[in-house]
Number of protein chains: 2
Amino acid sequence: MYSLDTDQLRTFLAVEQTLSFTKAANLVSKTQSAVSMQIKKLEENIGKPLFVRLGRSIELTPEGQKLVGHAREIIDASNRAMAAFDDEAVRGNVYLGTPDDYAERFLPSILAGFTESNPLVEVSVICQNSWELRRHLKSGELDVAIVTHAHERGNSELIRREPLLWVTSARHNVHTRDPLPVAVATSHCDWREAAITALEAQKRNFRILYSSHSATVVGAAVLAGLAVSVQPESALRPGMLVLTEADGFPALPDAEIGLERGLRQKNAATEALVRHIRQNFDAMPVPDYMDSISHVTPDTIGRPAKNFAVCEDNVKKRTVNCG
Amino acid sequence: MYSLDTDQLRTFLAVEQTLSFTKAANLVSKTQSAVSMQIKKLEENIGKPLFVRLGRSIELTPEGQKLVGHAREIIDASNRAMAAFDDEAVRGNVYLGTPDDYAERFLPSILAGFTESNPLVEVSVICQNSWELRRHLKSGELDVAIVTHAHERGNSELIRREPLLWVTSARHNVHTRDPLPVAVATSHCDWREAAITALEAQKRNFRILYSSHSATVVGAAVLAGLAVSVQPESALRPGMLVLTEADGFPALPDAEIGLERGLRQKNAATEALVRHIRQNFDAMPVPDYMDSISHVTPDTIGRPAKNFAVCEDNVKKRTVNCG
DNA sequence: TATTATCCATCAACAATCGTGATGAGTTGG
DNA sequence: CCAACTCATCACGATTGTTGATGGATAATA
């Protein structure tokens, strides 16, 4: 009866994540040749190739895809087991609140990383808008929440700042319509206020055409060409088009994401999660396809927008990297 | 991040099962010293002792107990993964029928061994009496069933034969009462018929006091001192007392266990299970505490019964070995 | 097209680990 | 008290893993 080697599975998962033997080697603290040999051994053990080598880059074979789930299962179980014997390991559960769009964009990678190093902490996620989340924090239902940072409301700690951008669909031209159709969140949303304030200051003719609790749904409305909206940079998706001052759209204040603590008694699990979120938001990279979406940054504001449409190539790139 | 080694976990489980480094070494095809060293490494890796060495024998520490579950989880996952890549691996599901008392006594070890070598076969177990099982076999609801073997009904393959014994409670003396209170299965049970026939041939005064579908419940009635009953040797439990001809009880025919196939189309999964059951029933050992329960075998029949009560020591031995 | 950088496979050499067989110390049971 | 048995330990040989260097192939750049 042949067994899988957990060490090999760890490097396999590192390769799967990075799609690079060299980067994976760094992740697991080995040399590139060690990674190469371990993968080779693993392939021999299983009897099927796991990666196809396409010259410089590599890709998972169908068998490789299949192994990912099994490997995760085994490694997770191993992590839990080791943590169970580690007296210093953090245990417990945390109730985390977050708006639904953050949940979709940030949470998967954050939680994956967190459970990797804290297998015994159970995180329960509640999705609501920032206003509701603050209410739940005060009533003690939540330990911590990711919210839209607000100076005047004071209690949150700023963990990320991004430009807030006007977006429309790359395949429609709703942004030329008058009055301008705008899609925004239903209420109590700082971005909504920012958008309306900016348009009014410009004395622009506009109307709220679409209004949803969910930022994801707003994004869908934009992509469908129903309306323009405001979105933080990290929420841009292929098919979206950024509107700058060159297009006659007003500048917007930055979108600021904050971390706000609840009134519950502090516990080690919550502290660990907070620390992890802080670090990850710092290190969070901008997706690849960003480069080809025109966007507003201090040095692009005022300059004519270029590269408006997102080319197919980049769309593919995106699905490869995030799928 | 330290990982558990699957190879070490395999030998750990072997030691846990056998409670012996030497026997475990045999199980995993290694030398005893290799086992000793692997366990040592595992203990170092986890940072806690897993076994207490009491001179010649060993025992699991609480930490060892805790590891068993984790180890099983990891090894099972590894087995499933390996099987998933083995094109020859047997897949599918099997519907297995068995009387409830066999399920309790034999199935745990049989199924554990079977899923070890066939991780991708799902076994569904249905508990009924032999008569009902035969009905389900014919209607195609079951692939195979463990039943009371019956020559005249023909279709089953004999896989085990044991003496059928009169049993009573070691702490009561219902077996001296007149009329004799007897507990048996409700109906369609060969052992019930055998018991009644034997008593009638002896012109013994008796009455059916307790009647249940479940052989386990009958066993409980015996232990409670409510009645005597008939049980196959392997069903004897600490606290039971075997009644021989020396006590004035008639000899009974052997209890025969058979394997009967359904009418469904043969599939590889069923064949594998049948093969496994056959082998395991052959090799099934008599539990330790049997030695101290007087029982009827060809060479003990007629001789005076001795060692009637089951001493505490053996009860403990049993829980250690089966828990 | 030539250049350069990057990626993965491979190799030789060294280090670490693992398994073996033999030995020893300790315990159990007759 | 001896024989039998259990587990720990040791030295040695075999295997495996790791490293750093090298080479072939590919992609990006000029």
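Two strands count as paired if DSSP finds at least two bridges between them. Keep that rule handy for these exercises on a predicted model.

**Exercise 1.** How many bridges join β7 and β10 of chain A, and in which sense do the strands pair?

*Solution.*
- Step 1: Find the strands. β7(A) covers residues 164-169, and β10(A) covers 229-232.
- Step 2: Count the bridges. There are four, and the pairing is antiparallel.
- Step 3: Apply the rule. At least two bridges are needed for a pair, and four bridges are found here.
- Step 4: Look at one bridge up close. A:V167 has A:S229 of β10(A) as its bridge partner.

**Exercise 2.** Which strands stand at the edges of the sheet that runs β10-β7-β11 in chain A?

*Solution.*
- Step 1: Describe the sheet. It's an open one of three strands, and its pairing is antiparallel.
- Step 2: Look for strands that pair on one side only. Those are β10(A) and β11(A), the latter at residues 240-243.
- Step 3: Add the twist. From one strand to the next it averages 50°.
- Step 4: See what lies across this sheet. Helix α9(A), residues 215-223, crosses β7, β10 and β11 of chain A and runs at about 45° to β7(A).

**Exercise 3.** Why do β4 and β6 of chain A each have one side without a neighbour in the sheet?

*Solution.*
- Step 1: Write down the strand order. Five strands of chain A make an open sheet, β4-β3-β5-β12-β6, with mixed pairing.
- Step 2: Check the ends. β4(A) (121-127) and β6(A) (157-162) are the edge strands, and each has a single partner, so one side of each is left free of a neighbour in the sheet.
- Step 3: Note the twist, which averages 20° from one strand to the next.
- Step 4: Pick a pair inside that order. β3(A) (92-98) and β5(A) (144-148) run parallel and share two bridges. In one of the bridges, A:G97 is matched with A:A145 of β5(A).
- Step 5: Add the helix that packs on the sheet. α7(A), residues 130-139, touches β3, β4, β5 and β12 of chain A, and its direction makes about 150° with that of β5(A).

**Exercise 4.** How many residues lie between the two strands of the hairpin formed by β1 and β2 of chain A?

*Solution.*
- Step 1: Locate the strands. β1(A) is 51-54 and β2(A) is 57-60; they run antiparallel and are joined by four bridges.
- Step 2: Find a facing pair. A:L54 is opposite A:S57 of β2(A).
- Step 3: Count the residues between the strands: two. In this turn, A:G55 has a positive phi of about 60°.
- Step 4: Link the turn to the DNA. A:G55 is also among the closest residues to DNA strand D.

**Exercise 5.** Which helix gives the largest share of the surface near DNA strand D, and which gives the largest share near DNA strand C?

*Solution.*
- Step 1: Start with strand D. It has 20 residues around it, with A:T31, A:S33, A:G55, B:S33 and B:S36 the closest. Two or more residues each come from α3 (32-46) of chain A and from α2 (21-27) and α3 (32-46) of chain B.
- Step 2: Pick the top contributor for strand D. That's α3(A), with five residues.
- Step 3: Move to strand C. Here 21 residues surround the DNA, and the closest are A:F21, A:S33, A:S36, B:S33 and B:G55.
- Step 4: Pick the top contributor for strand C. This time it's α3(B), with five residues.
- Step 5: Sort by class. Near strand D there are six nonpolar, nine polar and five charged residues; near strand C there are six nonpolar, nine polar and six charged.

**Exercise 6.** Where does the largest share of chain A's side of the contact with chain B come from, and how does that element run relative to α4(B)?

*Solution.*
- Step 1: Size up the contact. Each of the chains A and B puts in 22 residues.
- Step 2: Find the main contributor in chain A. α4(A) supplies eleven residues, the largest share.
- Step 3: Compare the helices. The axes of α4(A) and α4(B), both residues 62-84, come within 10 Å and cross at roughly 170°.
- Step 4: Name the arrangement. Angles over 145 degrees count as roughly antiparallel, so α4(A) is roughly antiparallel to α4(B).
- Step 5: Name some of the residues involved. Among them are A:H70, A:I74 and A:A81 of α4(A), with B:H70, B:I74 and B:A81 of α4(B).

Technical notes. Residues numbered from 1 in each chain as written. Chains lettered and ligands numbered in written order. Predicted model: local features only at pLDDT ≥ 70, side-chain atom pairs only at ≥ 80, totals over all residues. Near = placed C-beta within 6 Å. Nonpolar A, V, L, I, M, F, W, Y, C, P; charged D, E, K, R; others polar. Contact = placed C-beta atoms within 7 Å. Axes fitted to C-alpha atoms, helices over the stretch in contact; angles between N-to-C directions. Parallel < 35°, antiparallel > 145°, perpendicular 65-115°, else oblique.
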